[in-house]
Amino acid sequence: MDTPKTAAWVVRKIIEAKKDLMQMNSVQGSLILALTDLVKQGRFQIQRAYVKLLPQFPKVSWKSIHLHTQVHPRFKFHLWLAIHQRIATVDRLLKFGIQVPLDCVFCAGTMKTFDHLYFGCPNTSLLWDRIMRWLGVTRNIGSWQDELVWISSIAKRKNAKADITTTAFAMVVYCIWRERNSIRFNKGRYMVDEIC
């Protein structure tokens with residue numbers, strides 16, 4: 001195909017680029033295959049090209065929890081922070097050089113790490129266990145990662161019990177953090193039997 005003299009500058013450059021590409025034998029087969037994927041009924045589809053250019057990220061297992069429609073936005077935001085472990089726990093604050101009391105406000109035991117705060121602490125584990133029993137679910141409470149995997153599988157289900165359980169998980173994660181801050185600033189101690 002000859003380049004028309006009256007064609008716009010952009011069209012002439014596209015035609016010249018096509019000629020150059022056709023002359024390249026090593027690239028020709030794979031490029032033509034890639035370009036034919038972008039053609040539908042003889043017409044180039046810019047939408048398909050755009051989608052091909054988007055980066056492909058791996059799917060995350062917790063997507064079903066975070067995109068759940070019944071979870072309040074405040075809880076979703078905090079849950080997102082918790083999933084990415086961006087909450088300001090003692091171990092994280094110490095990395096930044098911020099000095100804070102090392103003991104857990106719930107059990108006065110070990111240093112409050114993220115894993116300890118969420119279901120490693122006997123009191124937060126007991127709280128989650130009582131809520132699970134109240135919902136009619138009997139299972140052993142595991143670590144944060146175990147609970148996240150379990151609730152991700154529950155959140156994919158399309159029934160009322162799954163909705164309530166997923167929402168309860170998000171609320172418990174938020175309320176543990178809120179209660180931790182309340183106790184830390186009021187210098188009190190947490191008693192599970194007072195609220196359960």
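Which residue does Asp 129 form a salt bridge with? Arg 133 is the partner, and the closest N and O atoms are 3.2 Å apart. Before I go on, a reminder that we're looking at a predicted model.

So, where does that pair sit? Asp 129 and Arg 133 are both in helix H8, residues 122-134, and they're four residues apart, about one turn of the helix. Arg 133 has a relative accessible area of 47%, so it goes down as partly exposed.

By the rule used here, the count comes to two salt bridges. The other one pairs Glu 147 with Arg 139, and there the closest N and O atoms are 2.7 Å apart. Buried or exposed, what is Glu 147? Its relative accessibility is 0%, so Glu 147 counts as buried. Arg 139, at 23%, is partly exposed, because buried would need a value under 20%. And the general point behind pairs like these: side chains of opposite charge can pair when their charged atoms come close.

Back to H8 for a moment. The helix has 13 residues, and at 1.5 Å a residue they should span 18 Å; the end C-alpha atoms are 18 Å apart, so the two agree. On the buried side of the ledger, H8 has Asn 123, Thr 124, Ser 125, Leu 127, Trp 128 and Met 132. After the helix comes Gly 136, with a positive phi near 90°.

Now the core. The largest nonpolar core has 38 residues, and the ones with the most contacts inside it are Tyr 118, Phe 119, Trp 144 and Phe 169. Which helices supply at least two residues each? Those are H5 (73-83), H7 (114-120), our friend H8, H9 (144-155) and H10 (160-186). H10 gives the most, with 10 residues.

Let me zoom in on Phe 119. Setting aside neighbours within four places in sequence, Phe 119 touches, among others, Thr 124, Ser 125 and Trp 128, and those three are also among the buried residues of H8. The contacts of Phe 119 also include Trp 144 and Phe 169, two of the residues with the most contacts inside the core. Glu 147 is on that contact list as well, and that's the buried acid from the salt bridge with Arg 139.

Last stop, the surface. Leu 35, Val 39, Phe 44 and Ile 46 make up a nonpolar patch there, with about 390 Å² of accessible area together. Phe 44 is in strand E2, residues 43-44. With a relative accessible area of 48%, Phe 44 is partly exposed.

That's my tour; over to you.

Terms used: Residues are numbered from 1 along each chain as its sequence is written. This is a predicted model: local features need pLDDT of at least 70, side-chain atom pairs count only at pLDDT 80 or more; totals for chains, interfaces and linings use all residues. Side-chain values use heavy atoms; hydrogens and water are left out. Patches are made of residues with over 30% relative accessible area and no salt bridge: like charges are joined within 9 Å, nonpolar side chains (Val, Leu, Ile, Met, Phe, Trp, Tyr) within 5 Å. Accessible areas come from the Shrake-Rupley method with a 1.4 Å probe; for residues, only the protein chains shown count as cover. A salt bridge is a side-chain nitrogen of Lys or Arg within 4 Å of a carboxyl oxygen of Asp or Glu. Buried means under 20% relative accessible area, exposed over 50%, partly exposed in between (1.4 Å probe, protein chains only). The expected span of a helix is 1.5 Å times one less than its number of residues. A nonpolar core is a set of buried Ala, Val, Leu, Ile, Met, Phe, Trp, Tyr and Cys residues joined through side-chain atoms within 4.5 Å. Contact means heavy atoms within 4.5 Å.
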